[in-house]
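These are my notebook entries on a predicted model. I looked up a strand pairing and then the surroundings of the ligand.

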Amino acid sequence: MYCCAAYCFSDARPKRGQDPDSELATLYQKQRPHRGGHSMALANLTSRPEFLLLGLMDGTDIHPLLFLLFLGVYLVNALGNLSMVVLVRSDGALRSPMYYFLGHLSLVDVCFTTVTVPRLLAGLLHPGQAVSFRGCFAQMYFFVALGITESYLLAAMSYDRAAAVCRPLHYAAVMTPGRCMALVGASWAVAHLHSLLHTLLISKLSYPRATPVRHFFCDMTVMLSLATSDTSAAETAIFSEGLAVVLTPLLLVALSYARILVAVLGVRSAGGRRRAFSTCGAHLVAVSLFFGSILSVYFRPSSAYSARYDRLASVVYAVVTPTLNPFIYSLRNKEVKGALKRGLRWRAAPPRAKLNLRQMTLNRPKCIAIIKKIKSSIWNQVRRDAVDRRIHYGKMRLLIVEPGISDDFVCLSASLSLWLDPIKKVAIFGGTHGNELTGVFLVKHWLETSTEIQRTGLEVKPFITNPRAVKKCTRYIDCDLNRVFDPENLGKKKSEDLPYEVRRAQEINHLFGPKDSEDSYDIIFDLHNTTSNMGCTLILEDSRNDFLIQMFHYIKTSLAPLPCYVYLIEHPSLKYATTRSIAKYPVGIEVGPQPQGVLRADILDQMRKMIQHALDFIHNFNEGKEFPPCAIEVYKIMEKVDYPRNESGEISAIIHPKLQDQDWKPLHPEDPVFLTLDGKTISLGGDQTVYPVFVNEAAYYEKKEAFAKTTKLTLNANSIRSSLH
Ligand SMILES: CC(=O)N[C@@H](CC(=O)O)C(=O)O
């Protein structure tokens, strides 16, 4: 609005009846007679001079190509900056001082260019327009005010970056919402006062009537060079007050970047340093272009005035940098890209977070407590390793969050919360073992009606992994599919001679993996049944996985009072290469007791509930819910126990009735575990109480496993939240 007003004020009136081929000088000598009585009368009426803007190029030629070029640049500018303003205001993920400043910068940028470019465009098609005295000074006023606001905002932003990089743990205390608002308010206020002073001073000078202005807008230096009265007072003001006003932000920017540079030089890894430099570099170029061109135009005596040079330099700071800003500052940034994608999908913006700023402030005491705990030498290392994102210090794990200038830049703040990528792709596998029917049945059902497993913004794919085994209702055709997802099998050359399950594993790896890659599915739930009395069981493969511990905690709490156990299969030699292991977060779901090839309603209901709660957890996580630190009880595999066997390898004793169905129950050294046909009891032995699982599992007879011993322990997870919020 504000810049539209400026433009309207400066009422552009293309000169009609001009001879387009006449030379510049002739044009302006001829100007008065051409203008006729109307303009003269107006000039007499207002007794004010008029200015004739010659535009970007001298002469009276029309420049359609330049017109198109600047029109294009202007549209890109308006689109880039206005989208930034809308995004920053509407997307919950962009709530940090950085984006707060960026929003204001974009607003200023679009206004700043609107003050000059439409007039410049008009000048390219109709050279030599007349601008009224009021219009000219209104344009000057807004141009100066917005230009200075821009430079102060750039200074505030570099201060913000320096605080984030150099004092990550104090960041929240430094960049409080109040301080951010004060910085922005001060930028606007200083700029307007400064502009008012200069505009008043320059407008008080006298000008010849109908003066040709060799520029594309009414700028201070041009006006000074045109004035017929003594300009020394105005020039002194521009040099003294103006220099102070322009140099202050420049100095602040230089200081901030110097601090950032020192911090970045301390980054140990060459890659990290290069990344930081490349990002810093882009900003530095933008800032130097802006300030460099301003200084070179304004801070020369009027005698050194060169119309051609000034116009060129003005194009840089009035048009080029404001157009580049939104791209340089944001479009390399993951968060802005995410917000943009969300915006384009027209998805409702997440609820307005109570400002990240606020939350950071709340984290402050925690942060200070951490600093006190960490000795300074270690703290230095923490800072240096910041580009590596995650820092482990003893039991404490810090994450350096980086919604900074760009996603690959150093850091913004240390937080106790782990900021993890949102979940996008989830698969639900059934039929990995063709005779474990609950998963097969549920997956087939969801392949037909998927409403139950759909969640907004999430891709959930049900999938039968071993269709041939399912068809024959057998565990597998050639070998166990749930054991062949190791690099060796996955890397084998394709051939008809390979076991069916190995070929199938390669296909599944291609569809949902590849294992350990960026493209792999985020989560795979693999649905299994056991003939053992294990109830609801979640299988965990990695004890340090905060996300899965949080998910399992959520499922356990949601299922309560129904018990849900967590079986941890992390072990140097007993771990196996599961189908789900190609996902970033592999989840085994095992429910029993259920005989092979049989369906039971109670087991089906339990498995279905587990999936529902798991999907709800993912949905909450994606929506930005922060999950506070939690702890879960898990049973970690220790050893597999085979049946007693005779010399020919035949089983000589079976599971003791006192152990049958006692999965998860404490088993003491003297407790019976096997019973021979002649009635002899074999007890556990050893000196440790253990927790048995997969007791008498049908599928494990061939694996020579009567049951597995586990030990009970507690796993802790840090607080987690999605990095897009
Ligand atoms: C009884 C059974 O097959 N259990 C699964 C457990 C798992 O998925 O990790 C298996 O051994 O493959």
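I began with I654, and I found that this residue stands opposite L675 in strand 16. Strand 16 covers residues 672–676, and I noted that strand 15 pairs with strand 16 in the antiparallel sense over three bridges.

I then asked in which order the strands of this open sheet lie. The sheet has three strands in the order 15-16-17, and the pairing is antiparallel. Strand 15 (653–655) and strand 17 (681–683) each have a single partner strand and stand at the edges, so one side of each is left without a neighbour in the sheet. I also looked up the angle between neighbouring strands of this sheet, which are turned by 35 degrees against each other on average, direction ignored.

Next I turned to the ligand, and I asked which of the 13 residues around the ligand come nearest. They are N482, R483, Y576, R580 and Y700. By class, I recorded four nonpolar, three polar and six charged residues in the shell around the ligand. Domain 2 (419–636) and domain 3 (638–714) each contribute at least three residues to this shell.

For the polar contacts I went through individual side chains. N482 places a polar side-chain atom 2.7 Å from an oxygen atom of the ligand, and for R475 the corresponding distance from a polar side-chain atom to a ligand oxygen atom is 2.9 Å. In the side chain of H528, an N or O atom is 3.4 Å from an oxygen atom of the ligand. Finally, I checked the cover: of the 320 Å² of accessible area that the ligand has on its own, the protein covers 100%.

Methods:
Residues are numbered from 1 along each chain as its sequence is written. This is a predicted model: local features need pLDDT of at least 70, side-chain atom pairs count only at pLDDT 80 or more; totals for chains, interfaces and linings use all residues. Side-chain values use heavy atoms; hydrogens and water are left out. A residue is near a molecule or strand if one of its heavy atoms lies within 4 Å of it. A polar contact is a pair of N or O atoms within 3.5 Å; within protein, one must be able to donate a hydrogen and the other to accept it, and residues adjacent in sequence count only if both atoms are side-chain atoms. Accessible areas come from the Shrake-Rupley method with a 1.4 Å probe; for residues, only the protein chains shown count as cover. Ala, Val, Leu, Ile, Met, Phe, Trp, Tyr, Cys and Pro count as nonpolar, Asp, Glu, Lys and Arg as charged, and the others, Gly among them, as polar. Domain bounds come from an automatic or database domain assignment. Two strands pair if DSSP finds at least two bridges between them. Helices (H or I, at least four residues) and strands (E, at least two) are DSSP runs, numbered from the N terminus. Axes are lines fitted to C-alpha atoms, for helices over the stretch in contact, and angles run from 0 to 180 degrees between N-to-C directions.
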